[in-house]
Amino acid sequence: MDKYDIIGKSVPRNHTKDKATGAAQYTDDIKLPGMLHGRILRSPYAHARILNIDTSRAEALAGVKCVITGNDLPDIKFGNWRLFTETQDETGLARDRVRFIGDEVAAVAAIDKDIAEEALSLIRVEYEELPASFDIDTSLGKGAPIIHDPFKNNISVVRKVANGDLDKAFSECDYIREDVFNVHAISACYLEPCSSLAKCDPDGKITLWTSTQTPYMVQCLLASALGMRENDIRVIKPHVGGGFGAKMELRKWDVCAAFMAKKTGKPVKFTLTREEELATGRRRHPMRLFSKVGCKKDGTLVAKDLKILLDGGAYNAMGPTATFLCGNFGLMLYKYKSYRFLGQHVYTNNPPSSAIRGFGSPQSYFATETQMNLIAEDLGIDPIEIRRMNAVKTGDVIPELSTIGSCAFSECLDKVIEVSGYHEKRKNPKKGRGIGIGCYSFISGGVFNWFNTQYPFSAAEIRAFADGTVHLLTMASDIGQGSDTILPQILAEELGLKMEDIRITSADTATTPQADLGSWGSRVTLMAGNAVIDAAKKLKEILFGAVTAHYNLNVIHELECKDGRIFSQVRPDKGLTFGQAVALAQKFNRGVPIVTRGSYTPRGMGMVTPAFSFGAQVAEVEVDEKTGRVEVKKMWTAHDCGTVLNPVSVEGQLEGSIHMGLGYVLSEQFAMEKGKTLNTTFLDYKMPSALDMPVSESICIETYEKEGPYGAKEAGEGLVGPTAPAIADAVYNAVGYRCMDMPITPEKVLKGKKDSLN
Amino acid sequence: MGLSRFDYYAPETIGDACELAGKLGEGTMFMAGGTDLLIKAKRRLLNVSAVIDIKKIKELNKITFDEKEGLVIGSTVTLTEIENHPLIKEKYPAIADAAAATANVQIRNMASAAGNLCNAAPSAENAPVLLAMGANVTVEGRDGKRIIPLDKFFTGPGQTVLKQGELLTAINVPVPPKGAGTSYQHISARGKVDISSVCVGAMLVMKGDICEDARIFLGAVAPTPMMAKNAQELLKGKKITEELLQTAGIEASKECKPITDMRASKEYRTLMVAVLTGRAIDESRRRAAK
């Protein structure tokens, strides 16, 4: 790694001190003079027609400044899939119907929260209850209630993939296995509940501070929801306490805050409670996966027929993307001669599902990886060997979708097996102990432009100063993943500067360059990183020109930025400090500021992603055979994220993934009763605590991804995929219970265990 | 829901506190750590018009022990203090275990064992062991002081024999009999930081291999913490074998009256009563032998 000065170093996060001391400002920390507090009235019914809303008593309450219902807002639907307007199914508040318990019906803004809360209790809503559906079977069954009128069968999105001759491929198989897997909903559990604060200037222009992953999308969609122009709305993303995919849409409180600020002339803030988040917030899609896989006697995979039904809940949210991506995840890890996928996104009257870390991949890989273990067992083949023989590799083409630019999947398998002692532990089992494997491949950002942006996917602007500093502006959103650190780190490397020489302004649609699709799908390091490099290259051209002119260097001299200097590579003494070069370049242009812009949009990269990451994970568990409790003793991970730009940051992502994967497979689930969420606090929503975290050991297998900045690609999101199947496989290895329906609970273990094992 | 508006008092003596509570009447709540009270008040599960903070009353904030009276835990002593107290760890290890198994660090730093009892959740972590060890509570009011055996204290979920204006001032735990060993066992869905879906407290008095006396209490499997009477009887006068502790566990599981809720099913709770009772007996026996 010595060829770089700062890339590959564990540069500490630049927000660490702010966050540790409490100085970091999140949206809810912002208080403006005269600010009103908003609260939302939610539907107590899973499916009902709104007959009448009487807000008069609420409006009469002292301290209440504004009460609105759906009919006060423009009748405009919004949703992230702008390319397919029929998928846009939400309005700022319910207009005539509510579709889940918690659906937003009315909003109140008052001088304090308690008054706003009291006002909610004074709003009288007359409902006519409608039949509701709480599962995909009911929604797809005969006589099912129609949840959105345009979709008579409750299927809002269909995605198909078909490669090769499937029937022929299956006829060539020696062995065929069909399984059904069911996976459940979980919460993103970001520690910062959603919050938004809107202010309206006297000229009608709006500023919105909101806890979002996608300020640009919020800007565009808010403009359309309010019938305004995009540039009349400024969206600022303050510090965000995690998003995990569940904060990447325009949300109803954003619309309400902006609308009410405009109406009252006062700033309006909405901050959700944890109870609201758990009862009504976005969830990971529950899915039913039907997977039929055929292979040769020796384990060579031949054909796969995958059908997935997604429980989308009451609105599409990011479900269309999850449906789309599931089709890709089904064939990203192993080679098949023929592959068919049918994904159907089904409306129910549950709280809406959306993107949550992995975007469909945790569900997909739970099925794929569990099934690989089942096949290996049936055929008497080592589970590692069957993976190795079918693993995709660099240069493989995913038909019609993509070409894999770099891949160290097999190396990951070898390494994780070696460090975990997998084979040794399988051969000599200890009572109650088990070891299992799971693998994944993930995307480094998406290519499919469903948002229909006209801007580059990522952009950067650099302003250079004569004092040797630069100002980096980007709409990339740091939501805790660290882009405000990694982008300056990339720029520091490019320009030969130190971290403290770089000021960063990010995620403010009025000041940072157009545009960026936001932080999701693990796109930021690759896409915004490339945009930063592009801008840096343009800046270097200007400064190299200045230095060349100053020393009258031959134009064939290559120049370099290093240690705050810009100099000729063959004559290092011919050089200036970075600041001197900036001053010179600026004087050449009679004072015109030195500003360069860069951008990145994946082109000619297929429809999926510019780069694929890979990894393999081994889990060791101990199962208490009397109580059925599973304790994860250790996790080993080997992954290929291309060049590691910041090791400690990658490690942090990995730990976070294990934490989420652990909760997903062992303890987190919603207790639902006819669409009503019973566990609405962290007392009963069982997110693992720090004490429940296993010891973890990880190895990065470095590859060079030519599409990524310095060869880097996705790190951390995809890693949430293998954790559940690896732990589930380890539980099977320990006590003989094979989980096909997530999550693994002590009761299921007790029922399913076989006493003879280990 | 926001916190309702209430008056706040912080008297410095037990007498003043009781006098005040008597005067203020209905809607007046005593508060130690406030970790249950304030949440209930915020959710409007309690109608609170006045809060009497007892943390300024110095005499409530102490742990004392003597060989005659046993252990006295004042009602503002925090769970963290109990968990870390050298004497409790030595002589009453299961009391320390139960305190350490309650909630999380931040809550244990605020919450009191007395408050955990007064909150009277069926799952109250600190109740089963104290019950097994024959604890009493001292209660004071405007009309004087009374001592209540802990097994007469709970009357239902969230309900105790405390009268309006009465303050629990201390938990008194007798000196453990010679040959006594104690244990606290619990299980929950999450793992290490969680509310129990089943918990068991036990005290066995051993003479060699023979169990002379046994007290076993179960939590979260009935409206109040309950005694596993038949399981206790089964052990008395017998040599504790692997088989016996399993039988006693099964006996306890027959006695309990769990419900299905989102924390566990009735069937699983019943099974766990058997397992945890067995483990509590086993650990008590081992500790007695030390």
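I looked first at the residue just after helix 18 of chain A (helices being DSSP runs of H or I, at least four residues, numbered from the N terminus), where A:Gly736 takes a positive phi of about 85°. The model is a predicted one, in which local features need pLDDT of at least 70, side-chain atom pairs count only at pLDDT 80 or more, and totals for chains, interfaces and linings use all residues. Residues are numbered from 1 along each chain as its sequence is written, and side-chain values use heavy atoms, without hydrogens and water.

I then checked helix 18 itself, residues 720-735: at 1.5 Å a residue (times one less than its number of residues), its 16 residues should span 22 Å, and the end C-alpha atoms are 24 Å apart, which agrees. I found 16 of the 16 residues buried (under 20% relative accessible area, 1.4 Å probe, protein chains only), so helix 18 of chain A is largely enclosed by the rest of the structure.

I next followed A:Ile727, which touches (heavy atoms within 4.5 Å) residues including A:Ala619, A:Met635 and A:Leu666, leaving aside those up to four places away in sequence.

Turning to the two chains, I noted that 22 residues of chain B are in contact with 26 residues of chain A. Across this interface the rule finds five salt bridges (a side-chain nitrogen of Lys or Arg within 4 Å of a carboxyl oxygen of Asp or Glu), and I looked up the one in which the side chains of A:Asp624 and B:Arg279 meet at 2.8 Å, N to O. Helix 11 of chain B, residues 266-289, gives the most to the side of chain B that touches chain A, with five residues.

Notes
Chains lettered and ligands numbered in written order. Helix = DSSP H or I, 4+ residues; strand = E, 2+ residues; numbered from the N terminus. Buried < 20%, exposed > 50% of the residue type's maximum accessible area, 1.4 Å probe, protein only.
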